[in-house]
Amino acid sequence: MILIPAIDLKNNKCVRLEEGKEEKSTIYNENPLEQAKFFEKQGCKKIHIVDLDAAFGRPKINMDTILKIRKNTNIPIELGGGIRSEDDVSFWIKKGIDFLIMGSFAMKEKLLVSDIIKKHKDKIYIALDILKDKIMIKGWVENSNLTVKNVISFYNDSFIKGFVITDISRDGMLSGLDFKLINKYVCETNKNVIVGGGLSNYEDLYNLIKIKNKNLEGVILGKSFYTGNIEIKKATKLIDKNAQN
């Protein structure tokens with residue numbers, strides 16, 4: 001399991017939302033490239049970038065910033081937010097983005113997305129953005145009317161890289177991970193799983209490590225880093241130490 005720090009972009013600034021709500025936005029760094037370089041220097045193995053403006057239907061606002069991060073760092077990037085067509089997928093992969101995360105598109109156009117996945121094997125994650133057992137789409141403001149179990153079942157035998165499971169009610173709230181939810185869905189799939197939403201302290205991290213499920217690829221580090229609750233090097237040492245036990 002690895003630690004995956006997040007850069008959420010809004011108006012070309014690094015921000016964090018609370019429960020995914022656009023109006024509850026706090027700026028943490030006005031220079032996202034500087035933030036990405038910091039994560040790379042800290043030895044992180046991947047960065048989780050979300051284009052919030054694109055997720056809320058405003059594409060291209062953060063495009064140059066994302067491309068600048070890609071051009072000036074060597075760290076693998078997984079990018080989500082507003083990827084809603086085959087052209088979007090082709091564009092970002094051609095620009096060197098390592099992995100893409102699809103939410104709304106993967107819920108609404110499952111057959112088309114299945115064909116895209118075949119062309120880009122092990123490049124696509126499916127976002128399971130969960131609010132009270134419902135999968136939310138379009139910037140987490142619309143109910144997809146799909147169940148988590150059905151979506152996992154549909155994509156489980158495809159060539160996706162894995163699933164990104166986010167507990168919306170806990171995202172940006174520092175309220176702790178929902179281990180019942182994590183255990184439930186990690187066991188539903190044979191694909192990699194990245195979890196997000198609620199990581200608050202080292203105890204959370206330790207309890208996540210104890211799950212010891214081979215499918216658990218990583219955890220997204222967001223507000224708990226930006227508020228100083230978790231230091232990357234200390235957290236990485238905790239993960240590495242317990243991985244050997």
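This is the transcript of a short talk on one predicted protein model.

Good morning. Please keep in mind throughout that the structure shown above is a predicted model. I shall begin with the core, continue with the strands, turn to the empty spaces, and finish with two single residues.

Let us start inside the protein. In soluble globular proteins, nonpolar side chains tend to be buried together. In this model the largest nonpolar core has 63 residues. Which of them touch the most other members? They are Ile 7, Ile 49, Leu 100, Met 102, Ile 126, Leu 128 and Tyr 155. Take Ile 7 as an example. Setting aside neighbours within four places in sequence, Ile 7 is in contact with Cys 14, Pro 32, Gln 35, Ala 36, Phe 39, Ile 47, His 48, Ile 49, Val 50 and Tyr 226. There is also a second, separate core of ten residues, and among its members are Ile 2, Ala 6, Ile 101 and Ala 127.

Ala 127 leads us to the strands. Strand 7, residues 124–131, pairs with strand 10 in the parallel sense, over six bridges. Within that pairing, Ala 127 has Val 164 of strand 10 as its bridge partner. Strand 10 itself covers residues 162–167, and six of its six residues are buried. Strand 10 is also joined to strand 11, residues 192–196, by five bridges, and these two strands run parallel. There, Ile 165 stands opposite Val 195. Strand 10 is thus paired with strand 7 and with strand 11.

An antiparallel pairing is found elsewhere. Strand 2, residues 13–18, and strand 3, residues 21–29, run antiparallel and are joined by five bridges. Glu 18 stands opposite Lys 21 in strand 3. The two strands form a hairpin, with two residues between them. One residue of the turn, Glu 19, has a positive phi of about 55 degrees.

I now turn to the spaces, beginning with the pockets. The largest pocket holds about 210 Å³ of space. It is lined by 14 residues, and those closest to its centre are Pro 59, Met 63, Gly 82, Asp 88 and Trp 92. Which element gives the most to this lining? It is helix 4, with four residues. Strand 5, residues 77–80, and helix 4, residues 86–94, each supply at least two residues. By character, the lining of the largest pocket divides into seven nonpolar, three polar and four charged residues.

The second largest pocket contains about 150 Å³. Its lining includes Met 1, Ile 2 and Leu 3, as well as Gln 42, Gly 43, Cys 44 and Lys 45. Strand 1, residues 2–10, and helix 11, residues 232–243, are the elements that give two or more residues to this lining. Helix 11 gives the most, with four. Here the division is six nonpolar, three polar and two charged residues.

What of the cavities? How many of 30 Å³ or more does a search of the whole structure find? It finds three. The largest cavity has a volume of about 500 Å³. Of the 33 residues that line it, Val 50, Gly 80, Gly 81, Asp 129 and Trp 140 are the closest to its centre. This lining comprises 16 nonpolar, eleven polar and six charged residues. The second largest cavity has about 80 Å³ of space. It is lined by 15 residues, and Arg 16, Gly 198, Leu 199, Gly 222 and Lys 223 lie nearest its centre. The elements giving two or more residues to it are strand 12, residues 216–221, and helix 10, residues 223–226.

Finally, let us consider two residues. Is Cys 44 buried or exposed? Cys 44 counts as buried because its relative accessible area is 10%, and buried means under 20%. It lies in the loop between helix 1, residues 32–41, and strand 4, residues 47–51. Beyond residues up to four places away in sequence, Cys 44 touches Pro 5, Phe 39, Ile 75 and Ile 232. Cys 44 and Phe 56 are twelve residues apart in sequence, and their C-alpha atoms are 28 Å apart in space.

The other residue is Lys 41, which is placed in helix 1. Lys 41 has a relative accessible area of 72% and is therefore exposed, since exposed means over 50%. Its C-alpha atom is separated by 40 Å from that of Asn 150, which is 109 residues away along the chain.

Thank you for your attention.

Conventions: Residues numbered from 1 in each chain as written. Predicted model: local features only at pLDDT ≥ 70, side-chain atom pairs only at ≥ 80, totals over all residues. Heavy atoms only, no water. Core = buried A, V, L, I, M, F, W, Y, C linked by side-chain atoms within 4.5 Å. Buried < 20%, exposed > 50% of the residue type's maximum accessible area, 1.4 Å probe, protein only. Contact = heavy atoms within 4.5 Å. Pairing = 2+ DSSP bridges. 1 Å grid on protein atoms, 1.4 Å probe; cavity = no way out; pocket = protein on both sides within 12 Å on 5 of 7 lines; lining within 4 Å. Points joined across faces, edges and corners; volume = space filled by probe spheres on them. Nonpolar A, V, L, I, M, F, W, Y, C, P; charged D, E, K, R; others polar.
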